[in-house]
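Please look over the sequence and the model shown here before reading on. The report that follows takes up backbone features, the sheet, a strand residue and the ring contacts in turn.

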Amino acid sequence: MRAVAVTEFGGPEVLKVVELPTPEAGPGQVRVRVRAAGVQPFDLSVRQGWLPAGATADLPRVPGNEFSGVVDQVGPGVDGVAAGDEVLGFNLLNSYAEYVVVPAENVTAKPENMPWEVAGGFTAGTQTAHIALRQLGVGQGHTVLVHAAAGAV
């Protein structure tokens, strides 16, 4: 499969189209044929050499932690997601590729009227807000004040 990868660290010029083995979905995973991938500040840091916790230090490194596409393979033990489903989702890395394999719980149905390009860059803001609310312990009956909301989060 083709992917856009970092083969050395630096500016945008270090991004190269490379050929990599096509990943296979394992237990609890789905493989998605990527239609669009989001570009976030996270990816700029990866391109410059930063390594997120849990990632391997191998090169080439494929950036991208959010995507939209069509499920084309479902691993054993996956319920509620089927081949042909249009989804959006997230992964630690590897979304700048033709295919990405992720845990099934990392995808959700793409809204029918949402363009692929919007869906491909949608999850970073929503997952960041979700994680923040969960870490703060916000629950039913709590009040949250959001001010100066100017970004996707």
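## Backbone features in the loops

In which loop does Asn 94 lie? In this predicted model, Asn 94 belongs to the loop that runs between β5 and β6. Its phi is positive, at about 80°, although Asn 94 is not a glycine. With a relative accessibility of 37%, Asn 94 counts as partly exposed, because that class covers values from 20% to 50%.

A second backbone feature is found at Pro 60, a residue in the loop between α1 (41-47) and β4. The peptide bond that leads from Leu 59 to Pro 60 is cis, and its omega is near 0°.

## The five-stranded sheet

Five strands form an open sheet in the order β6-β3-β4-β5-β7, and their pairing is antiparallel. The edges are taken by β6 (99-103) and β7 (107-109), each of which has a single partner strand, so one side of each is left without a neighbour in the sheet. From one strand to the next, the twist averages 45°.

Strand β3, which covers residues 29-37, pairs with β4 in the antiparallel sense over seven bridges, and within this pairing Val 32 has Val 71 of β4 as its bridge partner. Strand β4 (residues 66-74) also pairs with β5 (residues 86-90), again in the antiparallel sense, over five bridges. Phe 67 stands opposite Gly 89 in β5, while Glu 66 stands opposite Phe 90 of that strand. Helix α3, made up of residues 123-136, packs on the sheet and touches β4 and β5, with its direction at about 55° to that of β5.

## The annotated region

For residues 26-111, the UniProt record, an unreviewed entry, gives the feature "domain: Alcohol dehydrogenase-like N-terminal". In the model, the chain over residues 26-111 is 8% helix and 36% strand, and the C-alpha atoms at its ends are 26 Å apart.

## Surroundings of Val 107

Is Val 107, a residue of strand β7, buried or exposed? Its relative accessible area is 12%, and Val 107 is therefore classed as buried, since the cut-off for that class is under 20%.

When residues up to four places away in sequence are not counted, Val 107 touches Val 30, Val 32, Phe 67, Val 81, Val 87, Leu 88, Gly 89 and Val 102. Among these contacts is Val 32, the residue whose bridge partner in β4 is Val 71, and also included are Phe 67 and Gly 89, of which Phe 67 stands opposite Gly 89. The C-alpha atoms of Val 107 and Glu 86, which are 21 residues apart along the chain, are separated by 9.5 Å.

## Aromatic rings and charged side chains

A search of the whole structure finds one aromatic pair. That pair is formed by Phe 42 and Trp 50, with 5.2 Å from centre to centre and 85° between the planes, and it is edge-to-face, a label that applies because the angle is over 60 degrees. Both partners are at least partly open to the probe by the classes used here: Phe 42 is partly exposed, with a relative accessible area of 21%, and Trp 50 is partly exposed, with a value of 41%.

Two charged side chains are also placed over rings. The charged end of Arg 31 sits over the ring of Tyr 99, at 4.9 Å from its centre, and Lys 110 lies over the face of Trp 116, where the distance to the ring centre is 4.7 Å.

Key
Residues numbered from 1 in each chain as written. Predicted model: local features only at pLDDT ≥ 70, side-chain atom pairs only at ≥ 80, totals over all residues. Heavy atoms only, no water. Phe/Tyr/Trp six-rings, centres within 6.5 Å; stacked < 30°, edge-to-face > 60°. Buried < 20%, exposed > 50% of the residue type's maximum accessible area, 1.4 Å probe, protein only. Lys NZ or Arg CZ within 6 Å of the ring centre and 35° of its normal. Pairing = 2+ DSSP bridges. Helix = DSSP H or I, 4+ residues; strand = E, 2+ residues; numbered from the N terminus. Axes fitted to C-alpha atoms, helices over the stretch in contact; angles between N-to-C directions. Contact = heavy atoms within 4.5 Å. UniProt positions renumbered as here; feature names shortened; annotations may be inferred.
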